[in-house]
Amino acid sequence: MNTHTSPPVFLEKLVPPRLRRVEKTAPVVCRNGDVPEMKVLSVTSEIFPLVKTGGLADVTGSLPKALEPFGVETTSLIPGYPQVMRQLAEADPAPERVATIEDLLGTHAVILKVRIDNLNLLVLDAPELYHRPGGPYVDADGTDHPDNWRRFAALSKAAAEIGGGLIPGWRPDVIHTHDWQSALTSVYLRHMGIDMPSVITIHNIAFQGQYGADVLPLIGLPSSLYAMDGMEYFGDISFLKGGLQMADAITTVSPTYAREVLTPRFGMGMDGILNERVSVLRGIVNGIDLDIWDPATDPHLPRNYDVSTLRRKRDNKTVLLQRFGLDMDDGPVFSAVSRLTWQKGFDMFADTADEVIFKGGKVIVFGQGDHAIEAQLLATAQRFPGRMSVHIGYDEPTAHLIHAGSDAIVQPSRFEPCGLTQLYALRYGCVPVVSRTGGLSETIIDANDAAMSARVATGVQFHPVTTDGLRLALRRAIHAYEDPKMWARLQNQAMKARFSWERSAQQYASVYTNLLRSNGQLATDTNSPGN
Ligand code: ADP
Ligand code: GLC
């Protein structure tokens with residue numbers, strides 16, 4: 001069913017009669033029989049390399065390039081945070097002002113078009129909302145910006161207006177939103193009567209954009225959306241729920257997570273609505289950017305290497321140990337580069353790091369997040385000077401060096417929609433030690449006897465996701481390390497695993513195509529060579 005063209009009855013009531021219904025965009029033409037050429041507007045709160053707090057930025061930054069061979073031209077709408085505006089100031093050619101919104105939820109906004117690092121960008125420059133110290137979501141002290149509801153509602157509303165033809169001469173065919181920060185786009189599209197298919201990708205269902213229902217009038221939406229089949233959510237409203245209700249297609253970042261979110265444990269309150277909309281839900285596993293994460297060319301590494309020159313990895317290990325102030329002996333280095341939160345399970349790693357150290361290994365943890373977990377890890381490191389080093393921080397080059405210099409990467413997540421760290425680890429010949437959940441379970445093949453003899457194993461998995469489970473997995477990994485032949489085989493198989501975007505980009509392209517088809521927007525170019 002195309003829910004876009006047949007809205008639930010209560011939504012019909014929401015479209016005020018004075019709002020014009022915007023015409024459908026011109027038909028999208030299939031030039032070679034079945035590959036349409038289409039324009040997608042991706043709406044995102046972060047994008048690599050301009051602004052990144054986690055995997056969302058990696059995905060929104062690398063998917064556009066991967067979609068090009070499938071006839072999809074992606075333009076990304078992002079907020080004009082200070083770090084984004086600084087990069088715009090250096091852009092060549094200079095940004096072009098393509099639209100103005102006089103009253104975007106009570107503030108003035110300009111849309112700037114620019115191309116940076118092969119990304120087509122539309123930057124929403126609204127100083128009152130985005131020009132401030134801190135990160136995209138938090139202030140300099142790590143506290144959420146108090147008006148995040150308005151900041152991300154504004155991003156979504158601007159996206160919907162672009163869908164409605166705000167920019168002269170350019171209109172997307174499909175809008176792709178990501179997580180709660182842009183989820184309201186689909187709600188605004190409906191509310192404004194704009195006929196434009198939309199997709200929402202759930203990168204992490206734990207973040208839901210939950211606010212009091214009193215914000216509805218402040219973001220230009222009717223109070224009637226405070227309803228079970230609207231945005232009502234446990235007495236509040238949820239931006240994510242709005243998107244899940246009204247987007248035409250829902251994707252999440254691995255097939256396993258797509259199944260998990262249908263259960264109360266992983267659905268985190270959204271399982272009910274996802275079960276209702278299961279017919280439009282699909283899991284598409286993330287890929288990685290093979291140019292940025294390539295040990296053979298990575299500019300952040302003291303020594304480049306590939307699968308045939310794996311011995312050179314040792315030089316990176318030496319630099320890494322020096323950098324983190326650890327003993328220079330030969331023992332295995334087990335590292336983590338991650339948000340340090342309950343989701344990622346690093347409280348469990350603080351309790352089990354001694355397993356690695358007592359067997360002659362060393363531990364590096366680099367990341368930031370929950371202060372209690374940071375403190376727990378720092379306290380553990382104090383017990384093991386020279387053997388365990390914990391650095392609280394965020395730095396892209398250091399993340400690359402850790403993957404290049406470590407023997408194993410530990411990711412004991414309690415839930416993991418996809419996870420990218422383990423994919424980078426594979427490519428850098430680091431053996432991932434991961435919990436069996438979400439994307440981790442389908443991207444890593446456990447080194448059990450059968451997988452070892454079939455020469456397909458790439459890492460160590462554990463389940464149940466408990467401290468004891470992790471301890472056992474660390475023990476198994478060290479045991480494997482003690483057998484140089486077995487370890488070399490694991491590293492080799494890891495480096496040969498393929499997680500390029502190609503297949504997944506094709507799946508996204510088919511999601512877009514299906515939406516256009518059911519929206520009656522596909523036409524065939526009878527003059528094209530394919531016909
Ligand atoms: P999530 O998005 O849930 O944090 P992912 O594994 O999908 O997890 O992506 C995490 C991304 O953030 C990876 O690119 C990883 O290298 C990066 N990252 C995490 N912590 C740090 C850090 N402290 N410094 C630099 N990069 C980091
Ligand atoms: C989220 C998830 C992570 C995923 C990333 C990119 O932050 O926690 O598992 O890889 O988004 O999709």
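In the predicted model, strand β14, helix α13 (residues 346-358) and strand β15 make up a β-α-β unit that is right-handed. The two strands of this unit, β14 and β15 (residues 362-369), run parallel and are joined by eight bridges. Within this pairing, Ala336 has Val365 of β15 as its bridge partner, while Ser335 stands opposite Ile364 in β15. The helix of the unit, α13, lies across β14, β15, β16 and β17, and runs at about 165° to β15.

Strand β14 also pairs with β17 (residues 408-411), again in the parallel sense, over two bridges, and here Ser335 stands opposite Ile409 of β17. These strands belong to an open sheet of six strands with parallel pairing, in the order β16-β15-β14-β17-β18-β19. The edges of the sheet are formed by β16 (388-392) and β19 (460-462), each of which pairs on one side only. On average, and with direction ignored, neighbouring strands of the sheet are turned by 15° against each other. Of the eight residues of β14 (residues 333-340), seven are buried, so this strand is largely enclosed by the rest of the structure.

Outside the sheet, helix α2 (residues 55-67) consists of 13 residues and reaches 18 Å from its first C-alpha to its last, close to the 18 Å expected at 1.5 Å a residue. The helix is mostly covered, with 11 of its 13 residues buried; among them are Leu56, Val59, Leu63 and Leu67, as well as Asp58 and Pro64. The elements that cover the buried residues of α2 include the strands β3 (72-79), β6 (119-125) and β7 (174-178), together with the helices α6 (179-191), α16 and α21 (502-518).

Aromatic contacts were also examined, and the structure holds 14 aromatic pairs. One of these is formed by Trp293 and Tyr424, whose rings are stacked, at 3.7 Å centre to centre and with 10° between the planes. Because Trp293 lies in the loop between β13 (281-283) and α12 (313-323), whereas Tyr424 lies in helix α16 (residues 421-427), the pair ties together parts that are 131 residues apart in sequence. Both Trp293 and Tyr424 are buried. Elsewhere, Tyr137, Phe152, Trp180, Tyr211 and Phe239 are linked by ring pairs into a cluster.

Terms used. Residues are numbered from 1 along each chain as its sequence is written. Chains are lettered from A and ligands numbered from 1 in the order in which they are written. This is a predicted model: local features need pLDDT of at least 70, side-chain atom pairs count only at pLDDT 80 or more; totals for chains, interfaces and linings use all residues. Side-chain values use heavy atoms; hydrogens and water are left out. Buried means under 20% relative accessible area, exposed over 50%, partly exposed in between (1.4 Å probe, protein chains only). Helices (H or I, at least four residues) and strands (E, at least two) are DSSP runs, numbered from the N terminus. Two strands pair if DSSP finds at least two bridges between them. A crossover is right-handed if, with the strands pointing away from the viewer, the path from the first strand over the helix to the second runs clockwise. Rings of Phe, Tyr and Trp (its six-membered ring) pair if their centres lie within 6.5 Å; planes under 30 degrees apart count as stacked, over 60 as edge-to-face and the rest as tilted. The expected span of a helix is 1.5 Å times one less than its number of residues. Contact means heavy atoms within 4.5 Å. Axes are lines fitted to C-alpha atoms, for helices over the stretch in contact, and angles run from 0 to 180 degrees between N-to-C directions.
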